[in-house]
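Student: I would like to learn to read a model feature by feature. Please start with a single residue.

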Amino acid sequence: MSADNRILIITDLHGCLDECLKLLEALRFDEKKDTLINLGDTIDRGPQIYEVFEYFHALKERMGDRLILIRGNHEQMMLDATDKKNPDRGEDKQLWYMNSGDKTVYSFLNHKHRIQDFRDWYESMPFYYMNERFICVHASLKNEDPRLNDINTLIWGRDTDYGGKLVLTGHTPYKLPMYFRGNGAHAFLETGKRYYLEKNGMIALDTGCVFGYSLTGMAVEGDVFYLESIKSGVKN
Ligand SMILES: [Mn+2]
């Protein structure tokens, strides 16, 4: 893989568009060449939820298959809460609103849109992505074949003892990006430093931007990667 086909990975934007754009700039994102993977949770909690949707919706038109938007638990809560065929929709709506879904509803309404009109777009988000080197999923894996995990593991799981083929995750915020080897050993990852991709274990990229910490992204170039971080401007 040459630098002509870099893969960038970001996660847990939760409506933080300003930090997202700064991060993509720091990673020297080139939408004409790079592949961009978002590990889910674009909606809820943050200041610019509709704007994040608008940005990725337009970017998808330009990037096609090189933009991969993975589904997080927040997208799933929204889908369950707005699914007219779902008999438990009332309870699912309560769960979503308890997790800040109302903020998403109002962010869309403030722009004269209803998020349920874009259900198909969110519904098209896959639960995982994999290539020869690594797997991407919102929260966690137990089995290294993503299809053999239940959906709750993929979008809600917080286990860090996975030791299979390398997986990149978000969902659980840490103050710094982390590498979990799967045997109990873990390490902080530094920004700006080049690392070789490990074969196994889990890289956790959510550094709690919407909670006021930072937004971290990863750039993979062949078998090497590096991280960049942008300080959060969200006030809590
Ligand atoms: Mn999540």
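Tutor: Start with His-14. This residue is buried, because 27 other C-beta atoms lie within 10 Å. A residue counts as buried if 20 or more other C-beta atoms lie within 10 Å of its own, as exposed if 12 or fewer do, and as partly exposed in between; C-beta atoms are placed from the backbone. One caution: this is a predicted model, in which local features need pLDDT of at least 70, side-chain atom pairs count only at pLDDT 80 or more, and totals for chains, interfaces and linings use all residues. Residues are numbered from 1 along each chain as its sequence is written.

Student: Where is His-14 found?

Tutor: His-14 sits in the loop between β1 (7-10) and α1 (17-26). Helices (H or I, at least four residues) and strands (E, at least two) are DSSP runs, numbered from the N terminus.

Student: How do I read backbone phi?

Tutor: Most residues other than glycine have a negative phi. His-14 is not a glycine, yet its phi is positive, about 45°. Arg-28 is not a glycine either, and has a positive phi of about 55°.

Student: Is Arg-28 buried or exposed?

Tutor: Arg-28 counts as exposed, because it has 12 C-beta neighbours inside 10 Å. Arg-28 follows α1, in the loop between α1 and β2 (35-38).

Student: How do I find the buried face of a helix?

Tutor: An α-helix has 3.6 residues a turn, so residues three or four places apart point the same way. In α1, the buried residues are Leu-17, Glu-19, Cys-20, Leu-23 and Leu-24. They cover an arc of only 160° around the axis, so they lie on the same side of α1. That arc is taken over the directions from the helix axis to the C-beta atoms.

Student: What covers the buried residues of α1?

Tutor: The cover includes β1, α2, β11 and β12. Contact here requires C-beta atoms, placed from the backbone, within 7 Å. α1 lies across β1, β11 and β12, and runs at about 145° to β12. Axes are lines fitted to C-alpha atoms, for helices over the stretch in contact, and angles run from 0 to 180 degrees between N-to-C directions.

Student: Now sheets. How do I read strand order?

Tutor: Strands of a sheet pair through backbone hydrogen bonds, either parallel or antiparallel. The rule used here is that two strands pair if DSSP finds at least two bridges between them. One open sheet has six strands in the order β3-β2-β1-β11-β12-β9, with mixed pairing. Its edge strands are β3 (67-69) and β9, each paired on one side only.

Student: How do β1 and β2 run, parallel or antiparallel?

Tutor: β1 and β2 run parallel, joined by four bridges. Ile-9 stands opposite Ile-37 in β2. Elsewhere in this sheet, β11 (residues 214-221) and β12 pair antiparallel over eight bridges. There, Ala-219 faces Tyr-226 of β12. The β11-β12 hairpin has two residues between the strands, and its Gly-222 takes a positive phi near 65°. At the edge, β9 (residues 195-196) pairs antiparallel with β12 (residues 224-231) over two bridges.

Student: What is the strand order in the other open sheet?

Tutor: The order is β4-β5-β6-β10-β7-β8, six strands with mixed pairing. β4 (128-130) and β8 (186-188) each have a single partner strand, so one side of each lacks a neighbour in the sheet. The twist averages 20° from one strand to the next. Three bridges join β7 (residues 178-180) to β8 in the antiparallel sense. Met-178 has Phe-188 of β8 as its bridge partner.

Student: And the core?

Tutor: In soluble globular proteins, nonpolar side chains tend to be buried together. A nonpolar core is a set of buried Ala, Val, Leu, Ile, Met, Phe, Trp, Tyr and Cys residues joined through C-beta atoms within 7 Å. The largest one here has 58 residues; Ile-9, Cys-20, Cys-136, Leu-168 and Met-218 touch the most other members. Helix α2 (residues 49-63) gives the largest share, five residues.

Student: Which residues does Ile-9 touch?

Tutor: Leaving out residues up to four places away in sequence, Ile-9 touches Ile-37, Leu-39, Cys-136, Leu-168, Leu-205, Gly-217 and Met-218.

Conventions
Two residues are in contact if their C-beta atoms, placed from the backbone, lie within 7 Å.
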